[in-house]
Amino acid sequence: MGNLFCCVLVKQSDVAIKERFGKFQKVLNPGLQFVPWVIGDYVAGSLTLRLQQLDVTCETKTKDNVFVTVVASIQYRVLVDKASDAFYRLSNPTTQIKAYVFDVIRACVPKLNLDDVFEQKNEIAKSVEEELDKAMTAYGYEILQTLIIDIEPDQQVKRAMNEINAAARMRVAASEKAEAEKIIQIKRAEGEAESKYLSGLGIARQRQAIVDGLRDSVLGFAGNVPGTSAKDVLDMVMMTQYFDTMRDIGAHSKSSAVFIPHGPGAVSDVATQIRNGLLQAHQTHD
């Protein structure tokens, strides 16, 4: 029906190419357009002005001889003022874009090691965008943005990289664990040393209190009972302590067996040893 009335409808976001007897006439904008077929005018084709995206997958090799697959995403569109160039000068724009992407990526990546490829992917994308924009503008296309969306090394290389990372993390964990155990042992040793120090102070104070108590008892008993010497009182106190000790050993059912010499001579020896110790402690205290 449109051809009957010499009219065509161009959709929004599109442009149409009008020819007359096979020669380019003009670019038709969106809307209802008059195309008098009776004088040889007709629509040769149309182009979309919408943003288009092309994903390009390129396999190449890095400087350290690792094969990687690089995926680049190209966003482009037709320039309105150069729609005729886009229609006539390129029969397959996607193939042309892919060729430039391959060329730039395979020129950049082999200069970099694998780790540098990951770190400099933005620079690679910028190089691709600059080269594409410079080349495709002449053909009526505008390159809006270029992204490197994926860098995929060979599977064996990925597995090796994961193992290296895992080993490094295990080394760090082992080092941290060893440091923690070292700190625990140091703190435990410090605690034991402090505990032994305090225990020694307690034992020393206990022994000093026993010595002071025995001395006071001996002196008080000798003063209240005429005719007794300090030695007699001390022997009697030691005898009393000796039998109290024997009673305590026998009274506790959970006590271990203790073998000690028993007899009058043994008591005398114990008394002599304690008395000598008391005299030495008294001299030191004075």
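**Stop 1: the sheet 3-2-5**

Start by selecting strands 2, 3 and 5, which form an open antiparallel sheet in the order 3-2-5. Strands here are DSSP runs of E with at least two residues, helices are runs of H or I with at least four, and both are numbered from the N terminus. Two strands count as paired if DSSP finds at least two bridges between them. Strand 3 (23-28) and strand 5 are the edges with a single partner strand each, so one side of each has no neighbour in the sheet. Look along the sheet and you will find neighbouring strands turned by 30° against each other on average, direction ignored. For such angles, axes are lines fitted to C-alpha atoms (for helices, over the stretch in contact), and values run from 0 to 180 degrees between N-to-C directions.

Before going on, a word on what is on your screen: this is a predicted model, in which local features need pLDDT of at least 70 and side-chain atom pairs count only at pLDDT 80 or more, while totals for chains, interfaces and linings use all residues. Residues are numbered from 1 along each chain as its sequence is written, and side-chain values use heavy atoms, with hydrogens and water left out.

Now keep strands 2 and 3: they pair in the antiparallel sense over five bridges. Select Ile17 and you will see Val27 of strand 3 opposite.

**Stop 2: Asp41 and its partners**

Show the side chains of Lys18, Arg20 and Asp41, which are linked in a network of salt bridges. A salt bridge here is a side-chain nitrogen of Lys or Arg within 4 Å of a carboxyl oxygen of Asp or Glu, and by this rule the count comes to five.

Take Asp41 and Lys18 together: their closest N and O atoms are 3.3 Å apart. This pair links distant parts of the chain, with Asp41 in strand 5 (residues 41-48) and Lys18 in strand 2 (residues 14-20), 23 residues apart. Both Asp41 and Lys18 are buried, where buried means under 20% relative accessible area, exposed means over 50%, and partly exposed lies in between (1.4 Å probe, protein chains only).

Next, turn to Asp41 and Arg20, whose salt bridge spans 2.5 Å from N to O. Asp41 is in strand 5 and Arg20 in strand 2, so this pair ties together parts 21 residues apart in sequence. Asp41 has a relative accessible area of 2%, whereas Arg20 is partly exposed at 30%.

**Stop 3: Gln33**

Select Gln33 in strand 4 (residues 31-34). Gln33 is buried, with a relative accessible area of 19%. Follow its side chain to the backbone oxygen of Asn29, reached at 3.0 Å; a polar contact is a pair of N or O atoms within 3.5 Å, where within protein one must be able to donate a hydrogen and the other to accept it, and residues adjacent in sequence count only if both atoms are side-chain atoms. Leaving out residues up to four places away in sequence, Gln33 touches Cys6, Cys7, Val8, Val10 and Leu28. Contact means heavy atoms within 4.5 Å.

**Stop 4: the sheet 6-7-8 and its helices**

Move to strands 6, 7 and 8, an open antiparallel sheet in the order 6-7-8. Strand 6 and strand 8 are the edge strands, each pairing on one side only. The twist averages 20° from one strand to the next. Strands 7 and 8 pair in the antiparallel sense over 11 bridges, and Val68 stands opposite Pro153 in strand 8.

Add helix 2, which lies across strand 6, strand 7 and strand 8 at about 35° to strand 6. Then add helix 4, which packs on the sheet by touching strands 7 and 8, its direction making about 145° with that of strand 8.

**Stop 5: the nonpolar cores**

Which residues have the most contacts inside the largest nonpolar core? Select Ile74, Ile97, Val101, Ile105 and Leu132, from a core of 32 residues. A nonpolar core is a set of buried Ala, Val, Leu, Ile, Met, Phe, Trp, Tyr and Cys residues joined through side-chain atoms within 4.5 Å. Strand 7 gives the largest share of this core, six residues. Zoom in on Val101: apart from neighbours within four places in sequence, Val101 is in contact with Val56, Ala72, Ile74, Val128 and Leu132. A second, separate core has five residues, among them Val8, Val10, Ala16 and Leu28.

**Last stop: helix 5**

Finish with Lys187 and Glu190, joined by a salt bridge of 3.9 Å, N to O. They are three residues apart in helix 5 (residues 155-224), so about one helical turn separates them. Lys187 is exposed at 54% relative accessibility, while Glu190 is partly exposed at 47%.
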